[in-house]
Amino acid sequence: MASGALLRGNATAGTRRPRRSRLRAWLYLLPALVVYAGFAIYSAAGTVWFSFLDWDGVAPPTWAGLANYTRVLTEPLLAGAILNGLVLIVFFSLIPIAVGLLLTGLLLGRVRTGMTFFRTVFFLPQVLPLVAVGITWRWLYSDDGMINRALETVGLGAITHAWLGDYHFALIALGLIGTWCMSGLCMVLFMSGAQRIDPSLHEAAAIDGAGPLRRFRYVTLPGLRREVGIAAVITTIAALASFDLVFVTTNGGPAGQTNVPALLVYRLAFNEGTIGGASALAVVLTLIVIVLVSAIRLLTREAK
Amino acid sequence: MNRSAMTTALRYGLLSTLAVLVLAPFVGIALASVHPAGGQVGAFSLPEQWSWSNFALAWESGNFGRLMWSSAVIAVFVVPLTVCFAALAGYALSILGVWGGKGISLAFVLGLTLPVELLVIALYFNLREVGLTNSYTGVILAEIALFLPFGVYWMQSHFASVPRELVEAARVDGARDHTVLTRVLLPISWPAITTLAVLVFMWSWNQFLLVLVMMQDPDLRTAPTGLGLFVGQYGTDIPLLSAASLIVIAPIVVVYLLFQRSFVNGLTQGAVKA
């Protein structure tokens, strides 16, 4: 096969390849690019376009300028939903990361036997359709559900509630479902990250007289920087874009206390026919996601 | 007991407590689903008489035969097509190198952060215009577009991690582009492809908002979407709802248990590489 090599000459270096084969490489890219551009990019751009229109989906649209955006930022219903989305970040992202770090600190990656089993269990909530998770928790939170029974058992019968129907607690109750879903993911991420940290670092710190707390603070935590960043990105997106869970548990109620952006996007666009407003809300939501994700990336970037 | 045995016991005690917290809700609905339909269900109570009829009842009244069929049809097209397109594009971007490849990679990565909410509004009206709402084709193509950013990125970084010499050696032997892909790269890429396939299957099976919007016809909806609307109808019948939830959960749990390593690797490494 030496002739093949001769014919191709230095093209084998891969960096300087003939123009024709570079064009042919585009053919490999084409199917993915066409579907992605046609259905994702084109749609995203379409929604941005709609956000400047006043349109009910039937009659011809009229230009609205920035009116839809003013509405999103000033109307209490819409701005409130965005605030609720931000509150959910605490429960979907901050608490699970804290829980994950705490457990990683306590376990320090030293569990070997049976870890596959625990990992499988902790990851389970990540895999299930959120609709089913929501139905399950609706029942757990109900008047005579497991949560209230448990509270009665430990003598807290006085504080039992129909949690998801309570004006003050509904959003927190909803958020805690997210905590339940996301903690396992954070924990598995951090534990696998902690196992990568060179054990000699821990030993060196121990010799220098650092106790477990300081070792966690100065060895484990910096070593998990990247994993914390990833967990924060995944869970923040899940919090801001959550729809399924809210749709089956509270559907925004009681009295709009658990309205989230995605729910209103759906309702405005497909039930109430205010497509401009729904689009503007979706665009604002996307911008918030992009800003927060970039901020997290920047903060958790590994020092070079 | 010495100190290290104590700490080991504490560690496992902690892990077990958490495992119980994760599993308790499922034990709860599994028990609820065997209670007589329509009755009150206490937490963790064993039914006086076990009744399996809820599953049959839920299957019938929720039309889950149709719903599962829709879910299966969509997944059967979405999974192989996504994997195939992603592998081809990943190959072009990482090994072949195309003009403007950096920008295209970036465009796909950007797609990782775009929420479905942004796409779904215009997607619905665009597809309505060309008659692709209420159609499997529309949902299948939309889902492929939705999962391609991760897929392309995953295959691209996988191919980039393959030793360069392998590809060069095949080229020296006169292998053409498609031969390098099918004879050299794919045979050593099955773990990465399996991982991508199971993740795409999961995302396709669990996809809710997109299907809710695109499929107005109840017969064409997928299992989770049907379940979401089933709640509205039978909101208070806990045994029936529990049985319906278990029906919808079952396929994904089976796939998860069979491929749990792929799931965990995909969701953790997939993100770590980013």
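Biologist: How many helices and strands make up the secondary structure of chain A?

Modeller: Helices (H or I, at least four residues) and strands (E, at least two) are DSSP runs, numbered from the N terminus. In chain A they come to 14 helices and two strands.
This is a predicted model: local features need pLDDT of at least 70, side-chain atom pairs count only at pLDDT 80 or more, and totals for chains, interfaces and linings use all residues. Residues are numbered from 1 along each chain as its sequence is written, while chains are lettered from A and ligands numbered from 1 in the order in which they are written.

Biologist: Is chain A more spread out than a compact globule, or not?

Modeller: Compare the radius of gyration (over C-alpha atoms) with the globule rule, 2.2 Å times the number of residues to the power 0.38. For the 304 residues of chain A the rule gives 19 Å, but the radius is 25 Å, well over that, so chain A is more spread out than a compact globule. Along the principal axes, its C-alpha atoms fill a box of roughly 85 × 75 × 30 Å.

Biologist: Which elements of chain A have the lowest and the highest mean pLDDT?

Modeller: pLDDT is the predictor's confidence in each residue, from 0 to 100. In chain A, helix 1 (residues 2–8) has the lowest mean, 35, and helix 13 (residues 261–270) the highest, 95. Over residues 1–16 of chain A the pLDDT is below 50. Where pLDDT is low, the predicted coordinates should not be read in detail. Chain A as a whole averages 86, and chain B has a mean of 88. For the complex, the predictor gives an ipTM of 0.90 and a pTM of 0.90.

Biologist: How many residues of chain B are in contact with chain A?

Modeller: Contact means that C-beta atoms, placed from the backbone, lie within 7 Å. By that test, 79 residues of chain B meet 79 residues of chain A. Helix 1 (residues 3–33) of chain B supplies the largest share of chain B's side, 11 residues.

Biologist: At what angle do helix 4 and helix 6 of chain B cross?

Modeller: Axes are lines fitted to C-alpha atoms, for helices over the stretch in contact, with angles from 0 to 180 degrees between N-to-C directions. The axes of helix 4 (residues 101–111) and helix 6 (residues 136–160) of chain B come within 7 Å and cross at roughly 130°. Residues that meet there include Phe108(B) from helix 4 and Tyr153(B) from helix 6.

How values were computed: Contact = placed C-beta atoms within 7 Å.
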